[in-house]
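Colleague: Could you take me closely through one part of this model, the place where the helices pack against one another, and then set that part within the rest of the chain?

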Amino acid sequence: KPGDQKHLYEPSSLQCMHLAVVACGDRLEETLIMLKSAVLFSNRRLCFHIFAEDSLKPEFEKKLKEWPSSYTKKFEYNIYPITFSVGNAQEWKKLFKPCAAQRLFLPVILKDVDSLLYVDTDVLFLRPIDDIWHILKEFNSTQLAAMAPEHEIPKIGWYSRFARHPYYGTTGVNSGVMLMNLTRIRSTQFKNSMIPSGLTWEEMLYPLYQKYKNYITWGDQDLLNIIFYFNPECLYVFPCQWNYRPDHCMYGSNCKGAEEEGVSILHGNRGVYHDDKQPTFKALYEVIRDFPFEDNLFQSLYYPLQSKFLDTVHTLCGRIPQVFLKQIEKTMKKVYENRVIVYLGANHRF
C-alpha cells in the first residue's frame with residue numbers, strides 16, 4: 001500500500017502543503033533539485049508525493065536521508081509505484097514521456113488529499129510554495145484546477161497554430177505546474193464530447209484518450225486541454241511567472257508578469273538544464289544543485305548566480321537577468337530576516 005511507505009519528519013497532525021511529482025527514467029537528479037528548491041524557500045511544512053519507478057525508490061530514500069536535519073524536519077514524503085486505475089497501463093506509460101500520464105490519476109490515487117500542487121521534474125521554485133498555495137483560496141465555486149497559458153501570444157503559440165483537437169482558451173494551457181483541488185475534481189461531473197450527460201474524472205479519462213489519441217502530440221497535457229475546453233468554468237488561469245519557460249524569452253520577452261514581478265516558478269522544459277541552448281536556465285539549475293544546504297544563501301547561491309548570469313548576457317534570455325533574480329533575491333532577504341529575528345529573539349531578552 002502506498003500509505004505504508006511514509007517517512008515522517010514532523011507530526012502529521014500539522015497541516016501541510018502537498019506537492020506531487022512523477023519521476024521515471026533519468027529524472028532522479030532533476031526531481032531532487034526540484035524538491036531541494038521547494039524546501040530551501042518554503043515556510044510551511046511540505047508533504048511530498050513522489051511517483052517513481054521501482055528502481056528509483058531506494059535512491060530517492062538514500063538521497064533524501066542525506067539532507068541535513070534542519071531541512072528534513074520541514075517535510076514528510078511518500079514514494080508510490082506507477083499505477084493507472086483505468087485502461088491499458090502500457091498505453092498510458094507510452095503517452096508522451098514515460099509515466100507522465102500518471103498525473104491524470106492523482107485525484108483517484110490520493111483519495112485522502114484535499115488539494116495538491118503537481119509539478120514536472122524540470123521545475124524550480126524561486127519563491128516559497130506558500131505563495132502559489134494561497135491561489136487555492138482565490139478559486140471561485142466552480143474552479144477546481146489552475147494552470148498557466150501555454151503561450152502569451154497566439155501567433156507564436158503551438159496550440160493556436162498546430163493543434164488538431166480542442167484546447168482551452170486562445171493558446172491552450174501548460175500542465176507542468178498544476179494546482180488542484182482534488183476533492184472538487186472527485187465530486188464533479190464533467191461535460192464531454194462523448195455522451196450528453198456528465199462523467200466523473202475517472203470515468204472520462206480512458207474514453208477521452210481513445211477518442212483523441214490519434215490527434216494528440218503532448219500526451220496528458222493535450223487531454224487536460226480537451227477536458228478544460230469542455231469545462232472552462234472549472235479552470236483558474238494563473239499568470240506566466242508561475243510557469244516560466246524558455247518560450248517566454250527565447251523569442252523576445254513575452255511574459256509581462258515576470259518582467260514586473262520576476263519569475264516565481266522556473267520550468268526548464270526542452271531539456272535546457274542539460275544543454276547549452278539556454279544558459280540562463282542552466283545556470284539557475286546548477287547553482288541550486290550545487291548549493292551546500294547549511295551555507296549562507298547570499299554567499300553560496302545568489303552571488304554565484306549573478307556571476308554565472310554575466311556569461312549569458314549575449315543570449316535572448318540572458319539579456320533580462322532581473323526577471324530571473326527578482327523573486328529569488330526577495331525570497332532570500334525574507335529567509336535571512338526571519339533567521340536574524342529568530343536568532344535575536346532566542347538570544348536576547350528585552
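**Helix α12 and its surroundings**

Modeller: In this predicted model, the axes of helix α12 (residues 279-290) and helix α13 (residues 297-310) come within 10 Å and cross at roughly 155°. Since angles over 145 degrees count as roughly antiparallel, α12 is therefore roughly antiparallel to α13. On the α12 side the contact is formed by T280, A283, L284, E286, V287 and I288, and these meet L301, P304, L305, K308 and F309 of α13. As for handedness, the crossing in which α12 passes α13 is right-handed.

Helix α12 has a second partner to consider, for the axes of α1 and α12 come within 9 Å and cross at roughly 75°. An angle from 65 to 115 degrees counts as roughly perpendicular, so α1 is placed roughly perpendicular to α12. Here α1 contributes E29, E30, I33, K36, S37 and L40, while α12 contributes Y285, I288, R289 and D290. I288 of α12 is thus listed in the contact with α13 and again in the contact with α1.

Ahead of α12 comes a loop that leads from β10 (265-267) to α12, and R270 has its place in that loop. The phi angle of R270 is near 65°, a positive value in a residue other than glycine. With a relative accessible area of 47%, R270 is partly exposed.

The nonpolar interior can be described next. The largest nonpolar core has 76 residues, of which Y244 and F324 touch the most other members. Helix α1 (residues 28-41) gives the most to this core, with 9 residues, and the core draws at least three residues from each of domain 1 (17-238) and domain 2 (241-345). Another core, of 41 residues, lies apart from it and includes V22, Y118, M147 and V173. To return to F324, and leaving aside its neighbours within four places in sequence, this residue is in contact with L126, Y244, C249, V263, L266, T280, F281, L284, F309 and C317. Two residues in that list, T280 and L284, also belong to the α12 side of the contact with α13, and F309, likewise in contact with F324, belongs to the α13 side.

For the chain as a whole, the secondary structure comes to 14 helices and 10 strands, and 56% of the 350 residues count as buried. Among contacts between residues at least 6 apart in sequence, 74% join residues at least 24 apart.

Key
Residues numbered from 1 in each chain as written. Predicted model: local features only at pLDDT ≥ 70, side-chain atom pairs only at ≥ 80, totals over all residues. Heavy atoms only, no water. Core = buried A, V, L, I, M, F, W, Y, C linked by side-chain atoms within 4.5 Å. Buried < 20%, exposed > 50% of the residue type's maximum accessible area, 1.4 Å probe, protein only. Helix = DSSP H or I, 4+ residues; strand = E, 2+ residues; numbered from the N terminus. Domains from an automatic or database assignment. Contact = heavy atoms within 4.5 Å. Axes fitted to C-alpha atoms, helices over the stretch in contact; angles between N-to-C directions. Parallel < 35°, antiparallel > 145°, perpendicular 65-115°, else oblique. Left-handed = near helix turned anticlockwise from the far one by under 90°.
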